Amino acid sequence: MKKRFSFTNLDCANCAAKMEAAIAKLDGVHSVSVSFFSQKMTLDADDERFDAILQEAAKICKKIEPDCVLHI
Amino acid sequence: MDSRQKKMLWRILAAGVLFLIALLIPAQGLPRLLLFLIPYGVIGWDVLWRAVRNLTRGQIFDEHFLMSLATVGALAIGEYPEAVFVLLFYQVGELFQSCAVGRSRRSIAALMDIRPDVARVERNGALEEVDPEEVSSGDILVIKPGERVPLDGVILEGSSALDTAALTGESLPRSVSPGADVISGCINLTGLLRVQVTKPFEESTVARILELVENASGRKARAEAFITKFARYYTPAVVVAAVLLALIPPLFFQGGWGDWLGRACSFLVISCPCALVISVPLAFFGGIGGASRAGILIKGGNYLEALANTETVVFDKTGTLTRGVFNVTAIHPEQEREADLLELAALAESWSDHPIAHSIREAYGAELDTSRVTGVEERSGRGVQVQVDGRTVCVGNDTLMEEIGIAWHPCHQVGTTVHVAVDGVYMGHLVISDQVKEDAADAIQALRACGVRKTVMLTGDAQAVGEDVARRLGLDEVHAQLLPADKVDRVEDLLRQTSPRGALAFVGDGINDAPVLSRADIGIAMGALGSDAAIEAADVVLMDDKPSKIALAIRIARKTRSIVRQNIVFALGVKFLVLGLGAFGLANMWEAVFADVGVSVIAILNSMRALHSPSEPS
C-alpha cells in the first residue's frame, strides 16, 4: 500500500534526508520518500503491517526532529 | 513571513543591538563575558536547548549540537565576540533559508493551483455545491464564467472560451461548444456551460496532474542521491578532523591548546552540509516547477537530469510532428475554377461519413445545398457516385477511375489523391494529407540549436509521405513503413549509436507508443489533455502537443544542471578552502560561519533561478 502524509514544521533538509534513510531501513518498507520541499512523506509498505510501520516511522521523525509533526 | 519568522527577526534585531552594546563597553574579565552572554543567550537559547535535547536522543552529529559546541568552545578560549557572531549569523542564515524555501514552495504551489474547490451539480432540479470528489460520472454540472472546470466532461449546452494556461502554458483561450470535451483545471471565461461529467475526480485530468507532480520529488536525480550520500559522510568526517585538530597538534607543535581548540571550533561551524542538502533538491524542484508552468510535466528529477544529456530525439510522425487530422492541401482542376471543383466534390461527399469526406466538406466550409444531390451510391474503399443537378458525379481514388473507365493522371504532390469526374469527363483532383504542425520545423531547428545531434522520424506511413515530411522539417533520418514492433527495434538500434553519456528521447502521442516510450531513455508524450495512456507511459508529458516544447524542456534541464553544478563546486570549494585555511590558522570563525551560512544562502538564491524558464537563445 502506498500512501502520502504531510508534515508541519519539517524545518531542516538534512533531517528529512536522515528520516528517509532511517525509515527505509524499517522491516516491511518497500520505499519511502521524505520531501523537505513539499513537506510530505510517501510511504510504500506491506499492507498487513502498514499501521505498525507508520507508527514506527512517526517515532523516527519525532526522534530526529522533535518539533516536527507527521499527520497520520 | 509567518509569525515564527517574524519572532525570529525581532530576536535577531534585539541580539544585534545587545551585541553592539557589548562590543562598545570596554569591560574586561568576567564582566566582559557576562556582557556577551546576554546577546548569546537571546540569540542562541533555542539552539542550545535543541542541542541538549537531541544529544539525549543520541543525535551527536546534529547541526545544533555542533554549533553549540563550537560557540561554547569559542567562549571557553575567550573569543566572546566570535561566539556571539557565529550564532547571530547562523540564525540570520536560517531565517533567510526558511523565507527563501517558503517562497519557492509558495510559487510552486501557485503554479499547481489547479485544484477546483467546489462543483455545482444539478440534483433533483436544484443546484447543489459539493466537493468535486463527491461527484460521479454522469452527473450534470453547471459552470459559470470565471469558474474553474472541476471535473472532466462533455458540454451539453452553452459555448464559451476556456483558459487552459494553467495546464498547458498556452495563453490563447480555446473556444468550445456543445459536444466538445472540457478538461478539469481550465477556467471558463465567457459563457455558462452545462457539462456532463465523464470521469470521477480521481481520474480527472487535474487529479492526475497533481499526483504526477507530487510524485516527482520521489524520483531523485543522481546529483541528489550523491548529495545525500555525501552529507552522510561529510559531517562525521569534519567532526573527527576537528577532534584530531584539537588533540594531536598541541602535543607536537608550538602554540597553546587554546589556539588549536579555536581552529577545531571553526571546523565544527563548517561541518553542516546544509548548503548542498537544501540547494540541490531545490534546484530540481524549481526546474520541475518551472517546466510545469510552461505546460511540460516532468515525472522526476532523474528525467530532468537525463533530458540535459539529450543527444538524439526520435519522433513518431502522426500526431506528433503532424496534426493527425486530414486536410485538403491542394486542388488541381483540369479547366474549372478551384472553388467549383471543391464544391462539386463536397456536394458528392455530403452524405458520407468517411474522414476524407469530412475533410473535403470542412475545406469547402460553407453550407451545402444537399437537395441538389440525389442517387447516392457509396463504392466502398473506392469512393462515391452521385447525381448533382442531374449530372453524374464520381469522386474517388485511382481504382474508381479505372472502374468507370476514365483517363486520370497521378498527382506530383504527396498525399491521398481524390479524383473527380462528371458525366464521364475527368475534372481534376484534390490532394488530402495530414498537415505538419505549425511549429514542427521550428521545433527541429531549436533542437539542433540547443545541441541535439540527431533527429529521426519513425512512421508507419508510406516511404514517399515520410520522406516528404522529413525533408520539409529538416530531419536527419526517416524510417517509414514500420509496424509498431519495428519501431522498438529501430529505437534500440539508435540507442546503441548514442554515446554512453548521451540520452535518447522518443516523442510520441502516447497511444500506440507505450513500448517505445518506456524503451527510450526519456519517453516524451504529446497530448496529455485527454490521453490517459500518455500520462501512464511517458516520463515527460507535453500538455499542449507542441513539439517546440521539447527544446524548451531540454533548455530548462540544462539550466537546472548548470545551477546544480555551480552550487556543488562553489559550496564544496569554499568549504574545503576554509577548512584548509582554518587548519593552518589562516581562517577564523568569522570566515567559517561564512563558509557555512553565507554559502548556503548564496546557493539557495542560485537555485531559485531554476524556477524561471530560460529565455529563448539569441
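B:Leu162 stands opposite B:Asn188 of strand β8 in chain B. This pair belongs to a predicted model, and the strand around B:Leu162 is a convenient place to enter it. Strand β5 of chain B, residues 160-163, is joined to β8(B), residues 187-188, by 2 bridges, and the two run antiparallel. β5(B) also pairs in the antiparallel sense with β6(B), residues 174-176, here over 3 bridges. In β6(B) the bridge partner of B:Leu162 is B:Arg174. B:Leu162 therefore has a partner in β6(B) as well as one in β8(B), and strands of a sheet pair through backbone hydrogen bonds, either parallel or antiparallel.

The domain assignment of chain B places residues 136-199 in domain 1. Domain 2 is made of two segments, 296-322 and 437-556, while domain 3 covers 324-436. The centres of domain 2 and domain 3 of chain B, taken over C-alpha atoms, are separated by 35 Å. Where these two domains of chain B meet, 12 residues of domain 2 are in contact with 5 residues of domain 3. On the domain 2 side, helices α12 (317-321) and α17 (463-473) of chain B each supply at least two residues. α17(B) gives the most to that side, with 6 residues. By character, the residues on the domain 2 side divide into 6 nonpolar, 3 polar and 3 charged.

Chain B also holds an open sheet of 7 strands with mixed pairing, in the order β10-β22-β21-β20-β11-β18-β19. Its edge strands are β10 (296-298) and β19 (477-479) of chain B, each of which pairs on one side only. Neighbouring strands of the sheet are turned by 20° against each other on average, direction ignored. At the β19(B) edge, the pairing with β18(B), residues 454-458, is parallel and extends over 3 bridges. Within it, B:Leu458 has B:His479 of β19(B) as its bridge partner.

Helix α21 of chain B lies across β10, β11 (310-316), β20 (503-508), β21 (522-526) and β22 (540-542) of chain B, running at about 50° to β10(B). This helix, residues 549-583, has another neighbour in α22(B), residues 589-608: their axes come within 10 Å and cross at roughly 175°. Because of that angle, α21(B) is roughly antiparallel to α22(B). The α21(B) side of the contact includes B:Ile563, B:Phe570, B:Val574 and B:Val578, and the α22(B) side includes B:Ala592, B:Ala595, B:Val599 and B:Ala603. B:Lys575 of α21(B) and B:Glu591 of α22(B) also take part. The residues of this contact divide into 9 nonpolar, 5 polar and 2 charged.

Chain A has 2 helices and 4 strands. From the N terminus on, its elements run β-α-β-β-α-β. The radius of gyration of chain A is 11 Å, close to the 11 Å that the globule rule gives for 72 residues, so chain A is as compact as a globular protein of that length. Along its principal axes, the C-alpha trace of chain A spans about 30 × 20 × 15 Å.

The two chains meet through 18 residues from chain B and 15 residues from chain A. On the chain B side, helices α4 (80-111), α7 (222-247) and α10 (274-293) each supply at least two residues. α10(B) gives the most to that side, with 6 residues. The chain B residues that touch chain A divide into 8 nonpolar, 5 polar and 5 charged.

Note on methods
Residues numbered from 1 in each chain as written. Chains lettered and ligands numbered in written order. Predicted model: local features only at pLDDT ≥ 70, side-chain atom pairs only at ≥ 80, totals over all residues. Pairing = 2+ DSSP bridges. Axes fitted to C-alpha atoms, helices over the stretch in contact; angles between N-to-C directions. Parallel < 35°, antiparallel > 145°, perpendicular 65-115°, else oblique. Contact = placed C-beta atoms within 7 Å. Nonpolar A, V, L, I, M, F, W, Y, C, P; charged D, E, K, R; others polar. Domains from an automatic or database assignment. Rg over C-alpha atoms; globule rule 2.2 N^0.38 Å.
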